[in-house]
Amino acid sequence: MAEEDQIKYFTIEEVKIHNGKDDSRVWFIYKDIVYDVTDYLDDHPGGGDLITEYAGKDATKAFDDFGHSSDAKKQLKKYKIGEIVEEQRKGKKKAEVRTVPPEKPETRSCISIITCGLCR
């Protein structure tokens with residue numbers, strides 16, 4: 001089975017449930033990926049409260065603004081449980097729409113028709 005087939009997809013509403021209050025699990029979203037960081041709360045260098053502040057939410061801006069190291073980002077990978085469904089992704093690229101002018105049909109002016117007729 002391909003790795004893509006094993007990916008679980010969650011809606012934002014499903015993630016919101018896992019906020020440490022309504023549910024004992026603590027999930028957050030980082031760059032459209034869903035992480036269950038419940039087991040990491042006690043190990044977080046800044047304390048678990050910093051994480052629970054974003055429980056059930058998109059923590060992308062806060063995570064990046066804090067300036068986490070590349071090691072922190074690598075460590076985060078082991079807590080990945082899935083991804084946000086395609087239609088709710090913030091990083092979703094919108095299709096570029098280009099308008100193409102219609103092809104111009106070949107036209108002849110009245111003068112060119114008359115001139116062509118005279119040249120024969």
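**Reading a predicted fold: values against cut-offs**

Modeller: Of the 120 residues in the protein chain, 26% are buried. The model is a predicted one.

Biologist: What makes a residue count as buried, exposed or partly exposed?

Modeller: Relative accessible area decides: under 20% is buried, over 50% is exposed, and partly exposed lies in between.

Biologist: What is the overall layout, read along the sequence?

Modeller: The protein chain has five helices and four strands. Their pattern is β-α-β-β-α-α-α-β-α.

Biologist: How do you know that contacts reach far along the protein chain?

Modeller: Take contacts between residues at least 6 apart in sequence. Of these, 65% join residues at least 24 apart.

Biologist: In what order do the four strands lie in the sheet?

Modeller: The order is 1-4-3-2, in an open sheet with mixed pairing.

Biologist: Why are strand 1 and strand 2 said to stand at the edges?

Modeller: Strand 1 (9-10) and strand 2 each have a single partner strand, so one side of each lacks a neighbour in the sheet.

Biologist: How do you know that strand 2 and strand 3 pair?

Modeller: Pairing needs at least two bridges. Strand 2 and strand 3 (residues 33-36) are joined by four, and they run antiparallel. Therefore they count as paired. Tyrosine 30 has isoleucine 33 as its bridge partner in strand 3. Phenylalanine 28 has tyrosine 35.

Biologist: And what makes strand 3 and strand 4 a pair?

Modeller: The cut-off is again at least two bridges. Strand 3 and strand 4 have three, in the antiparallel sense. Isoleucine 33 bridges to glutamate 83 in strand 4. Tyrosine 35 stands opposite lysine 80 in strand 4.

Biologist: What is notable about lysine 31 in the hairpin of strand 2 and strand 3?

Modeller: Lysine 31 takes a positive phi near 50°. The hairpin has two residues between its strands.

Biologist: Which way do the side chains of strand 2 point?

Modeller: Trp27 and Ile29 point one way from strand 2 (residues 27-30), and Phe28 and Tyr30 point the other way. All are buried. Alternation between the two faces of the sheet is what a regular strand shows.

Biologist: Which residues touch the most other members of the largest nonpolar core?

Modeller: That core has 13 residues, and Val26, Phe28, Tyr30, Tyr35, Val37, Ile51 and Leu76 touch the most other members. A second, separate core of six residues includes Phe10, Trp27, Ile29 and Val34.

Biologist: What does valine 37 touch beyond four places in sequence?

Modeller: Valine 37 touches Val26, Phe28, Ile51, Leu76 and Tyr79.

Biologist: Why is the contact of aspartate 36 with arginine 25 called a salt bridge?

Modeller: The cut-off is a side-chain nitrogen of Lys or Arg within 4 Å of a carboxyl oxygen of Asp or Glu. For aspartate 36 and arginine 25 the N to O distance is 3.1 Å. Therefore the pair qualifies. Aspartate 36 lies in strand 3 and arginine 25 in the loop between helix 1 (12-17) and strand 2, so the pair ties together parts eleven residues apart in sequence.

Biologist: Is aspartate 36 buried or exposed?

Modeller: Its relative accessible area is 13%. The cut-off is under 20%, so aspartate 36 is buried.

Biologist: Why is arginine 25 called partly exposed?

Modeller: Arginine 25 has a relative accessible area of 30%, so it falls between the 20% and 50% limits.

Biologist: What makes arginine 25 and aspartate 39 a salt bridge?

Modeller: Their N to O distance is 3.9 Å. The limit is 4 Å, so this pair is counted. It links distant parts of the chain: arginine 25 in its loop, and aspartate 39 in the loop between strand 3 and helix 2 (48-52), 14 residues apart.

Biologist: Why does aspartate 39 count as exposed?

Modeller: Aspartate 39 has 57% relative accessibility, and over 50% means exposed.

Biologist: How many salt bridges does the structure hold?

Modeller: There are seven. One of them joins arginine 89 and glutamate 86, at 3.9 Å, N to O. Shared partners join Lys80, Glu83, Glu86 and Arg89 into one network of salt bridges.

Biologist: How do you know that glutamate 83 is buried?

Modeller: Its relative accessibility is 13%. Under 20% is buried, so glutamate 83 qualifies. Glutamate 83 sits in strand 4 (residues 80-84). Beyond four places in sequence, its contacts are Ile7, Lys8, Tyr9, Phe10, Asp32, Ile33, Val34 and Arg89.

Biologist: And why is glutamate 86 called partly exposed?

Modeller: Glutamate 86 has 47% relative accessibility, so it lies between the 20% and 50% limits.

Note on methods
Residues numbered from 1 in each chain as written. Predicted model: local features only at pLDDT ≥ 70, side-chain atom pairs only at ≥ 80, totals over all residues. Heavy atoms only, no water. Buried < 20%, exposed > 50% of the residue type's maximum accessible area, 1.4 Å probe, protein only. Core = buried A, V, L, I, M, F, W, Y, C linked by side-chain atoms within 4.5 Å. Contact = heavy atoms within 4.5 Å.
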